[in-house]
Amino acid sequence: MTASRARERLIEYARLMRLDRPIGILLLLWPTLWALWIAGQGRPDPLVLAVFVAGVVLMRSAGCVINDFADRHFDPHVARTRDRPIAAGRVSPREALILFAVLCLLAFGLVLLMNRLTILLSFVAVVLAVVYPFTKRITHLPQVVLGAAFGWAIPMAFAAQTGELPRIAWLLFVVNILWSVAYDTLYAMVDREDDLKIGVKSTAILFGEADRLVVGVLQLLVLLGLSLVGSLAGLGDFYAIGLLVAALLALYQQYLIRDRDPRRCFEAFLNNNWFGAAVFAGIALDYLARGA
């Protein structure tokens, strides 16, 4: 294989892993950082932090690969996805499965640096990553499975940092599922018409005309859950400011989706990066202010 050919293949693999669209990495990274900072009381172990940040990139990439493999017969029929590498025929399904396996093995190699509990939990992470793409065919709630897959790093982070799985870890896990359902419903609203035609199920289809209301209720529950997390963790004023900013961002997202315009719905979905960042900033500044 020539150097130019090898470069072309690497570019296609990078696109398959969505490295050119880092929003998924960020939405997975923020709750992971929430958990690491709370578990480490503002001082997460540097090795644990490095492993989890790298693991987020690897597992989100693996998730994108297996998602596109599972959707290879659907993506060509959706305007937004028809140019994805597998759908467009630039990467074969076999190549995708090999890439998925390599990414999972690399992530597992990192997990082996952690304690036994974290290693055991990592097997659940792989199962969730594999199962999620196929749930779109059998349930209107694939976003719940996505939330569990994206949020599983939370109990793993507590396990790696403390060797335990306290109640606050599971509360944060549930909060992340609610947040994931909210923002991924916004994402699904973009493709709702295409999904109805090809038979893909989603919460956007399930909620129908109540979609904006349900997303708003979920956002409210997320903020209430995060308030309880802050209370259990003993977080103070800076965290409260972070939640206030997050609440304002949630209101802005409601404004964006007021007409259900697909472009605005996608913009609202992307805005959740700032929601996650605001919560993390509140956590980090609160511990910093206390001289953690």
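Here, "partly exposed" means a relative accessible area between the two cut-offs: buried is under 20%, exposed is over 50%. Keep that in mind for the close-ups below, which all come from a predicted model.

**View 1. Arg258 and Asp259 meet in a salt bridge.** The N and O atoms of this pair are 3.9 Å apart. Arg258 has a relative accessible area of 38%, so it falls in the partly exposed class. Its partner Asp259, at 59%, is exposed.

**View 2. Glu209 and Arg260 form a salt bridge.** The closest N and O atoms sit 3.7 Å apart. Glu209 comes from the loop between helix H10 (203-207) and H11, while Arg260 comes from the loop between helix H12 (237-256) and helix H13 (262-270), so the bridge ties together parts that are 51 residues apart in sequence. Glu209 is exposed, with a relative accessible area of 69%, and Arg260 is partly exposed at 21%.

**View 3. Glu12, Arg15, Asp83 and Arg90 are linked in a network of salt bridges.** Within this network, look for the side chains of Asp83 and Arg90, which meet at 3.2 Å, N to O. Asp83 is exposed, with a relative accessible area of 54%, whereas Arg90 is partly exposed at 26%. The structure holds 16 salt bridges. As a rule of thumb, side chains of opposite charge can pair when their charged atoms come close.

**View 4. Leu226 and Phe275 have the most contacts inside the largest nonpolar core.** That core has 74 residues. Leaving aside neighbours within four places in sequence, Phe275 is in contact with Trp179, Val222, Leu223, Leu226, Ala246, Leu249, Ala250 and Gln253. There's also a second, separate core of 15 residues, and Ile66, Phe69, Val91 and Ala96 are among them. In soluble globular proteins, nonpolar side chains tend to be buried together.

**View 5. Leu213, Val217, Leu220, Leu221 and Leu224 make a nonpolar patch on the surface.** The patch covers about 480 Å². Leu221 is part of helix H11 (residues 211-233). With a relative accessible area of 39%, Leu221 counts as partly exposed.

**View 6. Cys64 is in no disulfide.** How many disulfides does the count come to? Zero. For Cys64, the nearest cysteine sulfur belongs to Cys104 and is 12 Å away, while a disulfide needs the two sulfur atoms within 2.5 Å. Cys64 is buried, at 9% relative accessibility. Cys265 is buried too, at 0%.

Notes. Residues are numbered from 1 along each chain as its sequence is written. This is a predicted model: local features need pLDDT of at least 70, side-chain atom pairs count only at pLDDT 80 or more; totals for chains, interfaces and linings use all residues. Side-chain values use heavy atoms; hydrogens and water are left out. Buried means under 20% relative accessible area, exposed over 50%, partly exposed in between (1.4 Å probe, protein chains only). Patches are made of residues with over 30% relative accessible area and no salt bridge: like charges are joined within 9 Å, nonpolar side chains (Val, Leu, Ile, Met, Phe, Trp, Tyr) within 5 Å. Accessible areas come from the Shrake-Rupley method with a 1.4 Å probe; for residues, only the protein chains shown count as cover. A salt bridge is a side-chain nitrogen of Lys or Arg within 4 Å of a carboxyl oxygen of Asp or Glu. Helices (H or I, at least four residues) and strands (E, at least two) are DSSP runs, numbered from the N terminus. A nonpolar core is a set of buried Ala, Val, Leu, Ile, Met, Phe, Trp, Tyr and Cys residues joined through side-chain atoms within 4.5 Å. Contact means heavy atoms within 4.5 Å.
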